[in-house]
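Please look over the sequence and the predicted model shown below, and then follow the paragraphs from one contact to the next.

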Amino acid sequence: MKKLFVASLILSLSGAMAVAANAAEPTAQQSKMKTCNADATGKKGDERKAFMKQCLSADAAAPAPKVTQQDKMKKCNADATGKKGDERKTFMKECLSNK
């Protein structure tokens, strides 16, 4: 019985820790709310309501598309035209490692 109690206690604590770890990072909506709230400083009443509605419903600026490894390889290959041997190898290593 004692072992069962200890096992259930350990499981509940590990579950609580997992929930706490996930709660630490704000969601996209929470981040947007924080930004809009900061931008609404000084506005009151209906003006603030209208601003918050518009701000929260607006699409966030589209993040820059991530460059895939394949795209990076194509660009580096094009830039390495004319280089040969160790010079090309060094260039490609540096080019592909850049973010």
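In this predicted model, helix α2, which covers residues 28-39, packs against helix α3, residues 45-57, at an angle of about 145°, and the two axes lie 10 Å apart. The crossing in which α2 passes α3 is right-handed. On the side of α2 the contact is made by Gln29, Lys32, Met33, Cys36, Asn37 and Asp39, and on the side of α3 by Arg48, Phe51, Met52, Cys55, Leu56 and Ser57. Sorted by character, the residues of this contact comprise 6 nonpolar, 3 polar and 3 charged ones.

One residue of this contact that repays a careful look is Met52, which lies in helix α3 and, because its relative accessibility is 11%, under the 20% limit, counts as buried. Leaving aside residues up to four places away in sequence, Met52 touches Met33, Cys36, Asn37 and Ala40. Of these partners, Ala40 is 12 residues from Met52 in sequence, while the C-alpha atoms of the two are 7.1 Å apart in space.

The helices α2 and α3 are also joined covalently, for Cys36 and Cys55 form a disulfide with their sulfur atoms 1.9 Å apart. This pair links distant parts of the chain, with Cys36 in helix α2 and Cys55 in helix α3, 19 residues apart. The torsion about the S-S bond of Cys36 and Cys55 is about -80°, so this disulfide is left-handed. Both ends of the bond are shielded in the sense of accessible area: Cys36 is buried at 2% relative accessibility, and Cys55 is buried with a relative accessible area of 14%.

The structure holds 2 disulfides, and in the other one Cys76 and Cys95 are bonded, their sulfur atoms 1.9 Å apart. Because Cys76 lies in helix α4 and Cys95 in helix α5, residues 85-97, this pair ties together parts that are 19 residues apart in sequence. Its S-S torsion is about -85°, so the disulfide of Cys76 and Cys95 is left-handed, and both of these cysteines are buried. Counting bonded cysteines along the chain, the disulfides follow the pattern 1-2, 3-4.

Which residues, finally, form a salt bridge? A search of the whole structure finds 1 salt bridge, formed by Asp79 with Lys75, whose closest N and O atoms are 2.9 Å apart. Both residues belong to helix α4, residues 69-79, where they stand 4 residues apart, about one turn of the helix. Asp79 is partly exposed, with a relative accessible area of 38%, whereas Lys75, at 53%, is exposed.

Note on methods: Residues numbered from 1 in each chain as written. Predicted model: local features only at pLDDT ≥ 70, side-chain atom pairs only at ≥ 80, totals over all residues. Heavy atoms only, no water. Axes fitted to C-alpha atoms, helices over the stretch in contact; angles between N-to-C directions. Helix = DSSP H or I, 4+ residues; strand = E, 2+ residues; numbered from the N terminus. Left-handed = near helix turned anticlockwise from the far one by under 90°. Contact = heavy atoms within 4.5 Å. Nonpolar A, V, L, I, M, F, W, Y, C, P; charged D, E, K, R; others polar. Salt bridge = Lys/Arg side-chain N within 4 Å of Asp/Glu carboxyl O. Buried < 20%, exposed > 50% of the residue type's maximum accessible area, 1.4 Å probe, protein only. Disulfide = S-S within 2.5 Å.
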